[in-house]
Amino acid sequence: MKDQLKQALIAGDAGTVNALTEALLAQDVPAREILDEALLPGMEVVGERMRSGECFIPEVLLSARTMQGALDLLRPHMLEGESTSAGTVVIGTVEGDLHDIGKNLVAMLLQGAGFTVVNLGTGVTAAQFLAAVQQHKPQILGMSALLTTTLPHMGETIAALKEAGLRDSLRVMVGGAPVTQAWADELGADGYGANAGMAVERAKRLVG
Ligand code: B1M
């Protein structure tokens, strides 16, 4: 059934994806397993097809929307059990970038790990990140970017934090497909996660 789910996601068939996700949950298949063994591999295939020119933006968008719907179904199953806050995380996708599936997944798993998450959405400018830090006083600021062209905006936010005298008041985490540990080091970020699970582990260590 997991392979059928993966194929339905690739096809952008929301009805089938929702039905199969619900059926797997009803069979007590853990939400993390559904994510790791069907949905994420499905999005990986969509990415490969986009790169090779085998599929185009409308199809990718359909799969992306279908993925968001499946994540909504998984969310309650990933948030069980944690009541006290491990700290506050302000998170967003940087300016010029509207990719949010991975960022929302990181936000969801952080919530599941007990963090209070303020999700700023996509296309967040350095000034907006700064304003949110001033308002919410988070322990961690998380930035996501999926485009090589939008990666530099991460540095702009860090510069804005420094200018406002707030850089040392929190930890900065970065992630997204083109982000590497080397890029995180170059930026002077405190943490990097290659995937959502690693991001949560890193966040726990940063506040621990
Ligand atoms: Co876009 N896109 N896209 N796209 N898209 C990529 C990123 C691309 C690699 C596709 C390709 O060419 N193979 C390519 C970027 C090339 C580059 O810059 N090197 C690309 C391009 C070029 C574009 C457009 C420019 C296309 C165009 O218009 N010609 C355009 C840009 C729009 C914009 O942002 N201004 C565009 C548009 C779109 C859609 C709107 C159609 C859609 C986005 C829908 C949405 O997000 N709501 C889309 C999609 C879906 C993709 C791919 C296929 C899938 C991305 C995804 O959701 N992956 C992507 C190909 C790919 O990455 N393989 C592609 C699944 C997600 C779970 O993984 O986001 O990597 P990911 O997140 C992971 C980790 O990175 C990490 O944890 C997550 C979970 O494990 N992580 C963090 C993420 N954020 C983190 C933050 C952290 C820590 C970890 O700490 C804070």
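Helices (H or I, at least four residues) and strands (E, at least two) are DSSP runs, numbered from the N terminus. The model you're looking at is predicted, so local features need pLDDT of at least 70 and side-chain atom pairs count only at pLDDT 80 or more, while totals for chains, interfaces and linings use all residues. Residues are numbered from 1 along each chain as its sequence is written, and side-chain values use heavy atoms, with hydrogens and water left out.

**Exercise 1. Find V90 and work out what surrounds it.**

Step 1. Start with the element: V90 sits in strand β1.

Step 2. Now the burial. Buried means under 20% relative accessible area, exposed over 50%, and partly exposed in between (1.4 Å probe, protein chains only). V90 has 0% relative accessibility, so it counts as buried.

Step 3. List the contacts, meaning heavy atoms within 4.5 Å. Leaving aside neighbours within four places in sequence, V90 is in contact with V118, L120, A132, H136, P138, I140, L141 and G142.

Step 4. Pick one partner, L120: V90 and L120 are 30 residues apart in sequence, and their C-alpha atoms are 7.2 Å apart in space.

**Exercise 2. Check the span of helix α5 and say which residues of α5 are buried.**

Step 1. The expected span of a helix is 1.5 Å times one less than its number of residues. Helix α5 (residues 101-112) has twelve residues, so it should span 16 Å; the end C-alpha atoms are 16 Å apart, which agrees.

Step 2. Go through the helix for burial: I101, K103, N104, L105, V106, A107, M108, L109, L110 and G112 are buried. Because ten of the twelve residues of α5 are buried, the helix is largely enclosed by the rest of the structure.

Step 3. Ask what does the enclosing. The buried residues of α5 pack against α3 (31-52), α4 (57-78), β1 (88-93), β2 (116-119), β3 (140-144) and α9 (196-207).

Step 4. Look just past the helix, where G114 takes a positive phi of about 100°.

**Exercise 3. Describe the ligand's surroundings, beginning with the cobalt atom.**

Step 1. Look for donors, which are N, O and S atoms within 2.8 Å of the metal (3.2 Å for Na, K and Ca); water is not among the atoms, so sites may look incomplete. The cobalt atom has a single donor from the protein, NE2 of H99, 2.2 Å away. H99 belongs to the loop between β1 and α5.

Step 2. Collect the shell, where a residue is near a molecule if one of its heavy atoms lies within 4 Å of it. There are 34 residues around the ligand, and the closest are L98, H99, D100, S144 and T148.

Step 3. Sort the shell by class. Ala, Val, Leu, Ile, Met, Phe, Trp, Tyr, Cys and Pro count as nonpolar, Asp, Glu, Lys and Arg as charged, and the others, Gly among them, as polar. That gives 20 nonpolar, eleven polar and three charged residues.

Step 4. Pick out close polar pairs. A backbone N or O atom of L98 is 2.8 Å from a ligand oxygen atom, and a polar backbone atom of G96 is 3.0 Å from a ligand nitrogen atom. Elements giving two or more residues to the shell are α3, α4, α5, β3, β4 (171-175) and α9. The largest share, five residues, comes from α3.

**Exercise 4. Compare R167 and S169 in the loop between α7 and β4.**

Step 1. Check burial. R167 is buried, with a relative accessible area of 11%, whereas S169 is partly exposed at 46%.

Step 2. Find the polar contacts: pairs of N or O atoms within 3.5 Å, where within protein one must be able to donate a hydrogen and the other to accept it, and residues adjacent in sequence count only if both atoms are side-chain atoms. The side chains of R167 and D190 are joined by such a contact of 2.9 Å. For S169, the side chain reaches the backbone oxygen of L166 at 2.7 Å.

Step 3. Add the wider contacts of R167: setting aside residues up to four places away in sequence, R167 touches I158, L161, K162, V172, G188, A189 and D190.

**Exercise 5. Is D28 buried or exposed?**

Step 1. Place D28 in the loop between α2 (14-26) and α3.

Step 2. Its relative accessibility is 68%, so D28 counts as exposed.

Step 3. Check the backbone too: D28 has a positive phi of about 65° although it is not a glycine.
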